[in-house]
Amino acid sequence: GRELTGVDQLTFPQGFRWGAATASYQIEGAAQEDGRSRSIWDTFARTPGKVHLGHTGDVACDHYHRYRDDVALMAQLGLGTYRFSIAWPRIKPDGTGSVNTRGLDFYDKLVDELLTHGIDPMITLYHWDLPQILEDHGGWTSRDTALAFADLAQAVHGRLGDRVNTWTTLNEPWCSAFLGYASGIHAPGREDAQAAYLATHHLLLAHGLATQALRAGGAAEVSLTLNLTRVSPANPADRHDVEAATLIDGLQNRIFLDPVLRGAYPADMLRLFERFRAAGAIRDGDLAVISAPIDLLGINYYQAGLVRAQVGSPGSPVYPGSEGIIDVPQVKPVTAMDWPIDPTGLSDLLLRLTADYPGTPLMITENGAAFIDTVIDGRVRDTDRISYLDGHLRASHEAIQQGADLRGFLAWSLLDNYEWGYGYGQRFGIIHVDYDTQRRTPKDSALWFSDVISRNGLS
Ligand code: GBH
């Protein structure tokens with residue numbers, strides 16, 4: 001029954017922010033409308049062999065035309081916050097210079113629609129859809145891209161800053177740098193370690209310069225979202241495994257956290273910048289820009305890492321400099337992505353951030369899972385997704401009990417959408433999308449999440 005005592009409830013702090021997240025290229029479609037230019041994902045998706053079945057974001061969820069219905073669904077579920085991203089090629093089709101007003105108009109209308117429904121808009125300025133024209137000039141390997149990003153931030157804030165309080169500069173710069181330029185599994189699909197380290201620094205600089213622009217415009221709350229995780233040694237008693245875990249922790253977490261929150265690259269990461277001839281990109285004064293205070297650190301968490309030292313292993317192309325280290329398969333239930341399910345990785349991560357980078361409010365800006373969903377009689381019985389979210393919310397609650405300053409939780413994702421290299425083959429939504437009809441069906445997880453929001457906790 002529902003007559004539960006306080007002991008049976010896991011209640012979150014008052015004012016805890018609940019919501020869901022999306023990203024422009026993954027949901028908008030309307031790729032050729034209102035002056036939008038091509039992004040690196042338009043190009044990458046059309047490169048044979050890069051994306052599952054050659055899927056593109058040309059139509060995606062057609063959210064560009066259906067945003068009113070989508071906002072109505074959000075309101076029906078009781079979401080308090082909606083995190084979405086801005087498509088740079090809509091705002092500045094040439095990458096730099098003049099603003100395309102029609103591009104901004106879309107986000108202006110979306111923001112008003114959200115506010116009308118009492119939903120707090122949270123804008124991410126970059127979620128991977130770089131204008132192709134900027135990639136043609138070096139993309140994130142070029143310092144100019146960081147300067148252009150600050151101008152973009154100023155333009156978007158100039159139009160929406162009177163109504164939007166929370167601004168996120170970048171989503172997961174690790175993915176942009178290492179999946180985009182080192183392993184080539186994301187756009188622009190380059191496989192060049194030096195480029196990945198140059199991109200890392202220029203992305204961080206972009207974050208810092210955009211933060212300055214947002215502050216100058218009076219933005220209330222500035223944040224950065226990182227994909228962070230716990231990286232453990234396969235054998236904690238083996239010194240080599242521990243060193244391996246430390247290096248991967250550096251490449252995944254500290255290479256972004258330390259410059260932003262401590263004003264310096266960690267020594268082991270600086271050695272990699274040097275080894276891959278990228279240290280010259282780090283100029284005097286950059287770290288002061290990069291480490292300007294932020295109000296909120298966004299965390300995207302899906303799975304934890306387990307590594308082991310193995311002499312002679314070539315290492316992983318996603319971590320240039322990781323020779324002698326291998327990923328260890330984990331004996332755990334997995335999602336449809338084959339990602340092991342491990343909520344303790346999240347509580348450990350939140351407590352580690354609390355200990356190592358004190359004083360920064362935290363927010364889970366993405367957490368969720370892909371499973372194989374089918375609509376039967378108008379329902380999707382995704383109990384696997386409910387238990388995934390429930391487990392990670394329990395882990396979040398536990399971390400709060402132990403002192404983590406966690407301010408909110410956003411589910412990834414509002415809608416099934418274009419899952420990058422997996423195309424439409426993987427479904428992360430709490431709302432099912434039929435890509436033939438564009439029909440939306442809230443899954444059981446959406447109804448469950450709505451109930452969690454309404455009671456500010458789990459029962
Ligand atoms: C997020 O990225 C994105 O922000 C979002 O757009 C995306 O839809 C969502 O997650 C679901 O994927 O790449 O070989 O090292 C998550 C990115 C993907 C990074 C898995 C770590 C581990 C395997 N993560 N990746 S590998």
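How many cavities of 30 Å³ or more does the structure hold? Three. Here are my notes on those, on the ligand and its pocket, and on a few backbone details. Keep in mind throughout that this is a predicted model.

1. **Who sits around the ligand.** There are 20 residues around the ligand, and Gln26, His127, Glu172, Glu419 and Trp420 come nearest. Sorted by class, this shell has 11 nonpolar, six polar and three charged residues. If you want one element to start from, take helix α8, residues 173–182: with three residues, α8 gives the most to the shell.

2. **Polar contacts to the ligand.** Three side chains are worth a look here. Gln26 has a polar side-chain atom 2.8 Å from an oxygen atom of the ligand. For Glu172 the distance from a polar side-chain atom to a ligand oxygen is also 2.8 Å. Asn171 places a polar side-chain atom 3.0 Å from an oxygen atom of the ligand. As for cover, the ligand on its own has 570 Å² of accessible area, and the protein covers 81% of that.

3. **The pocket.** Where does the ligand sit? The space it takes is the largest pocket. That pocket has a volume of about 1,100 Å³. Its lining counts 42 residues, and those closest to the pocket centre are Trp174, Leu179, Asn227, Gln303 and Trp339. Three elements give two or more residues to this lining: α8, α10 (239–262) and β9 (305–309). In terms of class, the lining of the largest pocket has 24 nonpolar, 13 polar and five charged residues.

4. **The largest cavity.** Now back to the enclosed spaces. Rolling a probe the size of a water molecule over the atoms shows where empty space is left. In this model, the largest cavity holds about 60 Å³ of space. Its lining is made up of Ile40, Trp41, Tyr126, Trp128, Trp140, Cys175, Ser176, His186, Ala187 and Pro188. At least two of these lining residues come from α2 (40–45), and at least two from α8. What classes of residue make up the lining of the largest cavity? Eight are nonpolar, two are polar and none is charged. Note that α8 keeps turning up: it contributes to the ligand shell, to the pocket lining and to the cavity lining.

5. **Two cis peptide bonds.** Most residues other than glycine have a negative phi, and most peptide bonds are trans. With that in mind, check the bond from Ala187 to Pro188, which is cis with omega near 10°. Both residues also line the largest cavity, and Pro188 lies in the loop between α8 and α9 (193–216). Another cis peptide bond joins Trp412 and Ser413, again with omega about 10°. Ser413 has its place in the loop between β12 (406–412) and β13 (431–434).

6. **A positive phi.** Which residue other than glycine has a positive phi near 45°? That is Ala60. You will find Ala60 in the loop between α2 and α3 (63–77). One end of that loop is α2, the helix that also supplies residues to the lining of the largest cavity.

Key:
Residues numbered from 1 in each chain as written. Predicted model: local features only at pLDDT ≥ 70, side-chain atom pairs only at ≥ 80, totals over all residues. Heavy atoms only, no water. Near = heavy atom within 4 Å. Polar contact = N/O pair within 3.5 Å; in protein donor to acceptor, adjacent residues only side chain to side chain. Areas by Shrake-Rupley, 256 points an atom, 1.4 Å probe, with all protein chains shown as cover. 1 Å grid on protein atoms, 1.4 Å probe; cavity = no way out; pocket = protein on both sides within 12 Å on 5 of 7 lines; lining within 4 Å. Sits in = over half its atoms within 2 Å of the grid points. Helix = DSSP H or I, 4+ residues; strand = E, 2+ residues; numbered from the N terminus. Nonpolar A, V, L, I, M, F, W, Y, C, P; charged D, E, K, R; others polar. Points joined across faces, edges and corners; volume = space filled by probe spheres on them.
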